[in-house]
Amino acid sequence: MSSPDMKTIAVIGSGLIGRSWAMVFVSGGYTVKIFDNQPGQSANAITEIKKQMEELEGARMLRGKLTAAQQIQLLSSYDDLAQALEGAFFVQECIFEQLEVKQTVFQDIERLVGEGVILSSSTSCLVPSNVFSKVQKRSRCIVSHPVNPPYYVKLVELVPHPETAADVMDTTHALMTKVGQAPVRLKKEIDGFALNRVQAAIIAESWRLVQDGIISVRDIDLVMSEGLGMRYAFIGPMETMHLNAPEGLEDYMKRYGEGIRRVLTSFGPVPDFFGEGSKSIINEMCELIPSDQQHLTARKERRDQLLMHLAKLKKDD
Ligand SMILES: NC(=O)c1ccc[n+]([C@@H]2O[C@H](COP(=O)([O-])OP(=O)(O)OC[C@H]3O[C@@H](n4cnc5c(N)ncnc54)[C@H](O)[C@@H]3O)[C@@H](O)[C@H]2O)c1
C-alpha cells in the first residue's frame, strides 16, 4: 500500500453519478481511478466520459483549465478494487442505493486503504450512521451528496457521521471547492439532509394543491419555473425575504410572518402519493409529457441543455 499523495481519487461505481464525479474531479486536475464490480463497466464509463468531454470542449463548456485530452489522460479504469484504491487519498462511493451493499463495500474498502484515507458516500437517502456502521474508524467518513447532474448543478451536501472528524469535513469542503463544486456543511445528520427535505415540502404542497383541485399540473410547474425558480437560481429563500421588505428580514417577518404562519397551519397531512387520488395527477402529467422513453429522453436532454446554459450564466454572474 503506497502512501496517498493528495492527487489521486478513487471513484467506486461507474453509473450515472460515478461518471459525473469522475468528470468533476479530473476537471480539477486530480487523477481518478474508477472501479465497478461489473467487469468492463468502468472501461465503458471512460469511453462514455471521453465522448462527453469532447462534446463539451466543442461547445466551450468543458470545466477546468485542462483540455479534454489532458483530462482524459487522468482517468483509468479497474475491475479490481485494491488496484483502484492504491494511492488514493479520497474515495467517492457511487454504487446502488442499497444499505447492505454500501455497508459491505465500505467494510471492504477500509480493509484495503490506510488510516488517513477519507471515505465519502454519494448516498441520497441513507444517513451516515447507517451507511458507515460497519466501518471501524468512522471519524474518516462523510457523505458528499451531489445533485444530478453534478457537472452542471454544483451543490454538494456534506453530511457528517456523529463521529466524523472536523478535519475530514474541512478537507472534503476544500476539495469540493477546488474542483468547482458548491459545498454546504450540515452540522449533523438528518433524514433527507437539507435539499431533499426542502424538496419534499415543495412536492407535498404541489401535490396537495393539484389533488384538491386548486391548480393544474401544468400551472403548478409554472409557479416554480416562471416564479419562485427564477430567483432561486441565484438567491435562496433567506436572502429573498431579506430583500423583499424595505428594512430586511426582521421587517419582512413583521409584515408577512403572521400570514406565513396562518398558511402553514392550513397544510394538511402528508398527501396520498399512491392511492386512487394519485391516478388523475399522473394521467395529467402524462398527457403533457408521455412517459415512454422517447419523450422522457427528449425532455431530459432539454433539461440538461438548459442547465448547461444556466451554469454558464451563473459562472459569469
Ligand atoms: N441518480 C441521481 O439522481 C443521484 C443523485 C444524487 C446521488 N445519487 C446517489 O449516487 C449513488 C449512485 O447512483 P447512480 O444513479 O449513479 O446509480 P447507477 O445505477 O447509475 O450506478 C451504480 C453503479 O454501481 C455499480 N455497482 C453496484 N454495486 C457495486 C459494488 N458492490 N461495487 C462496485 N460497483 C458497484 C453498478 O455496476 C453501477 O455501474 C446512489 O447512492 C444514489 O443514491 C444519485
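**Exercise 1. Find how strand 4 and strand 5 are joined, and what links them in the chain.**

Step 1. Strand 4 (residues 90-93) and strand 5 run parallel and are joined by four bridges. Strands and helices here are DSSP runs numbered from the N terminus, with at least two residues (E) for a strand and at least four (H or I) for a helix. Two strands pair if DSSP finds at least two bridges between them.

Step 2. Look at Gln92: its bridge partner in strand 5 is Ser120.

Step 3. Now follow the chain. Strand 4, helix 5 (residues 99-112) and strand 5 form a right-handed β-α-β unit. Right-handed means that, with the strands pointing away from the viewer, the path from the first strand over the helix to the second runs clockwise.

A word on the model before going on. It is a predicted one, where local features need pLDDT of at least 70 and side-chain atom pairs count only at pLDDT 80 or more, while totals for chains, interfaces and linings use all residues. Residues are numbered from 1 along each chain as its sequence is written.

**Exercise 2. Work out what lies on the other side of strand 5, and whether its faces are buried or exposed.**

Step 1. Strand 5 also pairs with strand 6 (residues 141-146): three bridges join them, and they run parallel. Here Leu119 stands opposite Cys141 of strand 6.

Step 2. In a regular strand, side chains alternate between the two faces of the sheet.

Step 3. Sort strand 5 (residues 118-121) in that way: Ile118 and Ser120 are on one side, Leu119 and Ser121 on the other, and all are buried. A residue is buried if 20 or more other C-beta atoms, placed from the backbone, lie within 10 Å of its own, exposed if 12 or fewer, and partly exposed in between.

**Exercise 3. Describe the shell around the ligand.**

Step 1. The ligand is surrounded by 24 residues, and the closest are Gly13, Gly15, Ile17, Asn37 and Asn148. A residue is near the ligand if its C-beta atom, placed from the backbone, lies within 6 Å of it.

Step 2. Helix 1 (16-27), helix 5 and strand 6 each give at least two residues to this shell. Helix 1 has the largest share, with three residues.

Step 3. Sorted by class, the shell holds ten nonpolar, twelve polar and two charged residues. Ala, Val, Leu, Ile, Met, Phe, Trp, Tyr, Cys and Pro count as nonpolar, Asp, Glu, Lys and Arg as charged, and the others, Gly among them, as polar.

Step 4. Stay with Asn148 for a moment: its peptide bond to Pro149 is cis, with omega near -10 degrees. Pro149 sits in the loop between strand 6 and strand 7 (155-160).

**Exercise 4. Compare the settings of Arg60 and Phe193.**

Step 1. Arg60 has a phi near 55 degrees, a positive value in a residue other than glycine. Phe193 also has a positive phi, near 50 degrees.

Step 2. Place them: Arg60 is in the loop between helix 2 (41-58) and helix 3 (68-73), and Phe193 is in the loop between strand 8 (182-185) and helix 8 (195-211).

Step 3. Count neighbours. Arg60 is exposed because 7 other C-beta atoms lie within 10 Å, whereas Phe193 is buried because 22 do.

**Exercise 5. Locate His309 and decide whether it is buried or exposed.**

Step 1. His309 belongs to helix 13 (residues 293-316).

Step 2. His309 has 11 C-beta neighbours inside 10 Å, so it counts as exposed.

Step 3. Val24 is 285 residues away along the chain, and the C-alpha atoms of His309 and Val24 are 17 Å apart.
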